[in-house]
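I opened this notebook to record what I looked up, going from single side chains to the chain as a whole.

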Amino acid sequence: MDRFRMIFQYFQSNSESVMNGICGLLALASVKMYTSFDFNCPCLPKYNMAYGLGIMCLPPMALFLCGLILNRQSLVMLEEWKRPTGGRKKDLAIIRYMCSSIMQRAMIAPVIWIIVTLLDGKCFVCAFSSSVDPEKFVGFANITPTQTQLLLSKVPCKDDELMKNNPARKAISRYLKCWSQGLGWSVLLILIVVAFLARSLRPCFNQAAFLQTRYWSNYIDIEQKIFDETCCEHARDFAHKCILHFFESMQQEIKLRRFNAPTEEADGGEGEEDHLLGITDQEQMNELLKSWYYSKPALDVSQATQRQQSAGRERLSMPWADSLSNRGNAPQKAKTSRQTDV
């Protein structure tokens, strides 16, 4: 159990590890699907090629789309590409890097499917058995072209009566399987060489630009995650406040028993109101989210100090801040008046 827990924590550590795990699962699923697939060639002149090429091409396309759908960075890349510029400019190098990373991971499972089908050879034999030159093999003399095409289409079906005892069937099957396995090993070798060259030649390029691109691509992903988490926390506090206002007559009981709120919040609720940044209705929250989308803040941390210093002045300028401050100061004024009376 400890090993599985460590593996699970590794895959949860960051988005890149999660995507690598998903790609590995898709690759294993592609191999398992092909081994459990019941391949039955139709053995008909006009349908063999469509069936064989369909088995070789359609599942890889589906696996490729699944890789794009399951990759969270696909949505992040599209949002970064289509978002308004606002207060932050868009860097095409970051978008290209994210697109390249997404494509590389999404292509793993389809490529494995194609390589497995080529090494197995059944689909290739079914697709191209009717395209073989019959003059290279014995057993096709003194028959019409139509009969020749019919016999060639029966090559994948070893139990068929027409080709069961024909010596040309095994020869054609071996010939096409050799071609299929040769293509499969060639594709695998090309991919290995390309990966080796990419690893070896990467230090020859500008590493500073690569590190910058990788850093900001990770930043965009992490920023989106933190924004979603903050939105969930803010929505929870807003819903908490709305429910407390709805059950105003039972406010003290709900705070103490159900929500287990601190005593200061039960008295005045100032902590929650400050956390909500003055948001009191749906329109204000929609304006805040629209402002985040259309004018994302610039990536300048030095402005944080200035924003903190001017937060008080900005809060006073909010149309909904006065009501919140008066609402929060009301209990204090009541306490002061009671003390004066005493």
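Entry one. I began with Tyr-215 in this predicted model, and I noted that Tyr-215 counts as exposed because its relative accessibility is 52%, where the cut-off for exposed is over 50%. I then turned to Trp-216, which has a relative accessible area of 31% and is therefore partly exposed. Looking up how the two rings meet, I found an aromatic pair that is edge-to-face, with 4.9 Å from centre to centre and 85° between the planes. I also wrote down that Tyr-215 and Trp-216 form one aromatic cluster together with Tyr-219.

Entry two. I asked myself how many aromatic pairs the structure holds, and I counted nine aromatic pairs in the listing. One of them, which I looked up in detail, is formed by Phe-137 and Tyr-175, whose ring centres are 5.8 Å apart and whose planes stand at 70°, so this pair is edge-to-face. I checked where the partners lie, and the pair links distant parts of the chain: Phe-137 is in the loop between helix 7 (122–128) and helix 8 (145–153), whereas Tyr-175 is in helix 9 (residues 167–201), 38 residues apart. I then asked whether each partner is buried or exposed. Phe-137 counts as buried because its relative accessibility is 15%, while Tyr-175, at 32%, counts as partly exposed.

Entry three. I looked for a charge placed over a ring, and I noted that the charged end of Lys-82 sits over the ring of Trp-81, at 5.7 Å from the ring centre.

Entry four. I returned to helix 9, in which Leu-189 lies, and I recorded Leu-189 as exposed because its relative accessibility is 53%. Leu-189 belongs to a nonpolar patch on the surface, which it forms with Val-193, Phe-196, Leu-197, Leu-201 and Phe-205, and the accessible area of these residues together is about 620 Å².

Entry five. I closed with the protein chain as a whole, for which I listed 17 helices and zero strands. Of the 342 residues in the protein chain, 29% are buried, and the accessible surface of the chain comes to about 23,100 Å², with 62% of that belonging to carbon and sulfur atoms. I also looked up the contacts between residues at least 6 apart in sequence, and I noted that 75% of these join residues at least 24 apart.

Methods. Residues numbered from 1 in each chain as written. Predicted model: local features only at pLDDT ≥ 70, side-chain atom pairs only at ≥ 80, totals over all residues. Heavy atoms only, no water. Phe/Tyr/Trp six-rings, centres within 6.5 Å; stacked < 30°, edge-to-face > 60°. Helix = DSSP H or I, 4+ residues; strand = E, 2+ residues; numbered from the N terminus. Buried < 20%, exposed > 50% of the residue type's maximum accessible area, 1.4 Å probe, protein only. Lys NZ or Arg CZ within 6 Å of the ring centre and 35° of its normal. Contact = heavy atoms within 4.5 Å. Areas by Shrake-Rupley, 256 points an atom, 1.4 Å probe, with all protein chains shown as cover. Patch = residues over 30% accessible without salt bridge, like charges linked within 9 Å, V, L, I, M, F, W, Y side chains within 5 Å. Salt bridge = Lys/Arg side-chain N within 4 Å of Asp/Glu carboxyl O.
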